[in-house]
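Please read this short report with the sequence and the model side by side. It goes from the whole chain to a few chosen residues.

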Amino acid sequence: RLREELPHARGIVAARQSLAVSLQSLGDLPAAEAHYESALALVESGEHPDLEMELATNLGSLRMAQGQSADGERLFRKALDAGEKVYP
């Protein structure tokens, strides 16, 4: 928790994303979802569009697998917006 309050949260975001991917592969979708959401909240300021793009894509895929296609599409659009900042 304390590390998340520091200005350099990139490492925390990467760790949460790795944990979410692992949990998702084990079938623990609620736990994976929580870690994706937590990590995405840390990068929504726009300072790390590369991470925002990855996280939104991963969370969007998870939501699609859960049958939440509208939210999945919203996240894929968010990933596209972030991606356009990385790859103009």
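The text below describes the overall fold, the surface, the nonpolar core and some single residues.

This is a predicted model, in which local features need pLDDT of at least 70 and side-chain atom pairs count only at pLDDT 80 or more, while totals for chains, interfaces and linings use all residues. Residues are numbered from 1 along each chain as its sequence is written, and side-chain values use heavy atoms, with hydrogens and water left out.

**Overall fold**

The protein has four helices and zero strands, where helices (H or I, at least four residues) and strands (E, at least two) are DSSP runs numbered from the N terminus. Its radius of gyration, taken over C-alpha atoms, is 13 Å, close to the 12 Å that the globule rule gives for 88 residues, so the protein is as compact as a globular protein of that length. That rule is 2.2 Å times the number of residues to the power 0.38. Along the principal axes, the C-alpha trace spans about 35 × 30 × 15 Å. Among contacts (heavy atoms within 4.5 Å) between residues at least 6 apart in sequence, 44% join residues at least 24 apart.

**Surface and core**

Of the 88 residues, 31% count as buried; buried means under 20% relative accessible area, exposed over 50%, and partly exposed in between, with a 1.4 Å probe and protein chains only. The protein exposes about 5,300 Å², of which carbon and sulfur atoms supply 55%, with areas from the Shrake-Rupley method and a 1.4 Å probe.

The largest nonpolar core, a set of buried Ala, Val, Leu, Ile, Met, Phe, Trp, Tyr and Cys residues joined through side-chain atoms within 4.5 Å, has 13 residues, and those that touch the most other members are Val13, Ala32, Tyr36, Leu40, Val43, Leu55 and Leu59. Helices α1, α2 and α3 (49-65) each supply at least two residues of this core, and α2 gives the most, with five residues.

**Single residues**

Two residues can be set side by side by helix and relative accessibility.

| Residue | Helix | Relative accessibility | State |
|---|---|---|---|
| Glu33 | α2 (residues 29-43) | 17% | buried |
| Ser22 | α1 (residues 10-25) | 38% | partly exposed |

Leaving aside residues up to four places away in sequence, Glu33 touches Leu59, Leu62, Arg63 and Gln66. With that same exclusion of residues up to four places away in sequence, Leu40 touches Glu52, Leu55, Ala56, Leu59, Leu75 and Lys78. The C-alpha atoms of Ser22 and Ala32, which are ten residues apart along the chain, are separated by 7.8 Å.
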